[in-house]
Amino acid sequence: MKNTLSAILPLAFVAMFAGSSQTANATEKSYSLVLTKPGEPVSIDIEVYRGSITLVGYQGDTIEISAKTSNFIAKEKDLEKVKATKNPNNSKRSSEGLKSVKRQSMRLQIEEKNNKVEISSEVSNQHLDLVIKVPQRSSIDVELYKGGDIDIDGISGGLELEAYQGMIIAKNISGPIVAETARTDIVVSFTDFSKVSPSSLTSHKGNVDITLAKAIAANVNVQTYQGEVFSGLDKDFVVVDEIKKHKKGQKQKVVLGGIMQAKVNGGGQALSLISYSGNLYIRKGK
Amino acid sequence: MFDEKELMFQVKAGQLSQLAILFENNKVQLFNYFIRTGNNRSLSEDLVQETFMRVLAYRSSFSGSSTFKSWMYGIARNTIAEHYRKNKNQTLNCDMDDEELINEQTLAEEYETKQKNVIFNKSLASISAEDREIIVLSRFQQLNYQEISTLLDCNLNTLKSRMRNAVNKLQMSYQKLVGENN
Amino acid sequence: MNNQDIIDWKIASLANNNANELTKEMQTYLKGNSPLQAELHFIEQFWENDIKPEITPSDKLDVNFYQMLSRAQSAQYDSSAQISVHASASEEKQSLPLIETVKRWLMPTAIAQFATLSLVFALGFNLNQTSNNQQNSEQYSGLQKEISSLTTVLAMSMLEKDTASERLSGVAYSRQTDLSDPLLVKQLITLLARDKSTSVRLAIINSLGQLSSFDSSEQQILTLAIKEENLLVQMELCRLLLNYGSIDIKKSLTEQANLQFLKPEVREFIQTQLTVLYI
């Protein structure tokens, strides 16, 4: 059974929820958050240790949070095997005749103050899947350490995203976006491109794959040490990196790790794609 | 495509970044509006900048009773008026025939069309500023009658009749120039 | 039915882009009225002809606009911190002259920024008006210095912002100043050491190549490189030293004592570079 709670949070508010709807080892919870200042800019900060985060922009003005936890899989088998006998490593107390109580509480913290929303979950043995509907104009900051992906759809505000284990996928966005992964891919599709400030997508060992809508104007900078660059753009990439002391008599060459740039549709704000060993893909959209 | 009125409301609500979209959407047309109404290139750029500064400063007064374009052109007209009030000694730079304004694309045009265009431009330059304004707003800035009547604060029938007179004068001037040319 | 009705119809259909057909009455009226037909033809030609290709403004227009917008946004973020203090004042609805309205949303703490805005606009405006002669070119270079120091102020302010994108903007502004201000350079290097965003750190490293006195910072950069945990950052720091550093610092970088602290990928990169750069 699912409980849906509507909470109005005018000031700082900390919430801890006991699991109220349970399937095998999962708990689900929904929340509808009303903003202090509807219609005004919104900023949302999310920090989750393990899980996945999906954010969808919509025309409404509330934050709709759906949270589902499950115990981290590696430990699940251990939990199922718990016997009502003494654990030889911990001989002091007897658990004979007692049932093991599975930890199914969801620990999720939500705070809102003057349209600044903070959502965090820092417990390491639970996997938290968050699906959140947010006003389209929201600015977002997400950090996800382990587990799945960060998935963004239809948000026109600024995005700052870090995923250390999963992918970062963003579509129907305009940025500015600064995103970083370690080994996984960053896949972004721009329907528009903000000219207000620069964007940058950095992956150490993953690929960076972007699609730019036809009308977008931008200065696309690419830099990869061991990977390759694939472009579907009409404009060619040219070297912009200058090596000060070695100009005389040398032909222009691509320096390992050097930056190349293409000015799309006359150029605009900077969009940098950087990877050490991943490939960079620049696709032209509709 | 996006709705300019909606974007301006967002700017009004504090999302200043949305002004960038309105700027990109209108900057070339607005720049050409200043050029066609008799200003040189660099002044026209400054006037565009000044207009958008005022759009930002006056954003709380945008009510949505007219379109964004119509409201913006109102501010643009005030901006020019104020500029000339402050710089009374500067003469109107009516340089529509200025070589500088012709870009590479005209070089590829047929001679005949080029001739016709030159005469069109000259006839536009020769009619009065008030008549020219109505034609520029409609033909080049593509405001519809409703928008222009709000902007110039006159009713639709008056507008129609002013438009008709302006076009008539344009045609007379054109015929005179064509006659002189032959 | 008269000529005016037909002309009105024609202009309206072109101006308002509606495709209303001529009524039967109008068609009959028009037939055989060749002067009127000629007039309609003229109007159509004028409207449909590509009379003059649209002229594109220069890049300067974009630069000026986005600088203004950026400053307005910075001022807005600063002022929001003071909103609760001034809550009662802002609730009153008054009609104010332009300068007061602008000052209000910029708030007292940002008056310097507003002054910057006006000064930059005035400077920009004046720059366009100057003609070419000796006196004006001196003024021009003086104004250029002013603009450079204003850009420095803007860069330093953006580098302190909360979002990575704004800090990237700050780095971009820094590049426009040629890094002539030592305080700005110090701020960039501090941020390079501790910014949480790899993108920002990489952008800073790219900008440091512009340093005219690179020697004075190179030891600091070497120290950062050796301690660095982040692969891309360490790689770029080494590349910076190899491209712009003195012979001494390059020797230092390639000494075993320091090489051992570098990641294997970085060591491999340095090896490749050494053969190319003939150290």
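A salt bridge here is a side-chain nitrogen of Lys or Arg within 4 Å of a carboxyl oxygen of Asp or Glu. Keep that in mind as we walk through this structure, which is a predicted model. Going by that rule, there are 20 salt bridges over all chains.

Let's start in chain B. Lys27(B) pairs up with Glu24(B), and the closest N and O atoms of this salt bridge are 2.8 Å apart. Where do Lys27(B) and Glu24(B) sit relative to each other? Both belong to helix H2 (residues 19-36) of chain B, and because they are three residues apart there, about one helical turn separates them. The two partners differ in how they are classed for accessibility: Lys27(B) counts as buried, at 10% relative accessibility, while Glu24(B) counts as partly exposed, at 26%. The cut-off behind those labels is 20% relative accessible area, with buried meaning under that value.

Stay in chain B and move along to helix H3 (residues 41-57), home to Arg54(B) and Glu50(B). These two form a salt bridge as well, with 2.9 Å between the closest N and O atoms. They are four residues apart in the helix, so about one helical turn lies between them. Are the partners buried or exposed? Arg54(B) is buried at 9% relative accessibility, and Glu50(B) is buried too, with a relative accessible area of 18%.

Now over to chain C, where the side chains of Arg167(C) and Asp195(C) meet in a salt bridge at 2.6 Å, N to O. This pair links distant parts of the chain, its members being 28 residues apart. Arg167(C) is in helix H9 (residues 164-176), whereas Asp195(C) is in the loop between helix H10 (182-194) and helix H11 (198-208). Both residues are buried. Elsewhere, salt bridges that share partners join Lys195(A), Glu24(B), Lys27(B) and Asp62(C) into one network, so the Lys27(B)–Glu24(B) pair from the start of our tour is part of it.

Last stop, still in chain C: Leu237(C), found in helix H13 (residues 231-244). What does Leu237(C) touch, leaving aside its neighbours within four places in sequence? Its contacts are Leu192(C), Ile205(C), Ile221(C), Leu224(C) and Ala225(C). Leu237(C) has a relative accessible area of 1%, so it is buried. As for Val266(C), 29 residues away along the chain, its C-alpha atom and that of Leu237(C) are separated by 9.9 Å.

Note on methods:
Residues numbered from 1 in each chain as written. Chains lettered and ligands numbered in written order. Predicted model: local features only at pLDDT ≥ 70, side-chain atom pairs only at ≥ 80, totals over all residues. Heavy atoms only, no water. Helix = DSSP H or I, 4+ residues; strand = E, 2+ residues; numbered from the N terminus. Buried < 20%, exposed > 50% of the residue type's maximum accessible area, 1.4 Å probe, protein only. Contact = heavy atoms within 4.5 Å.
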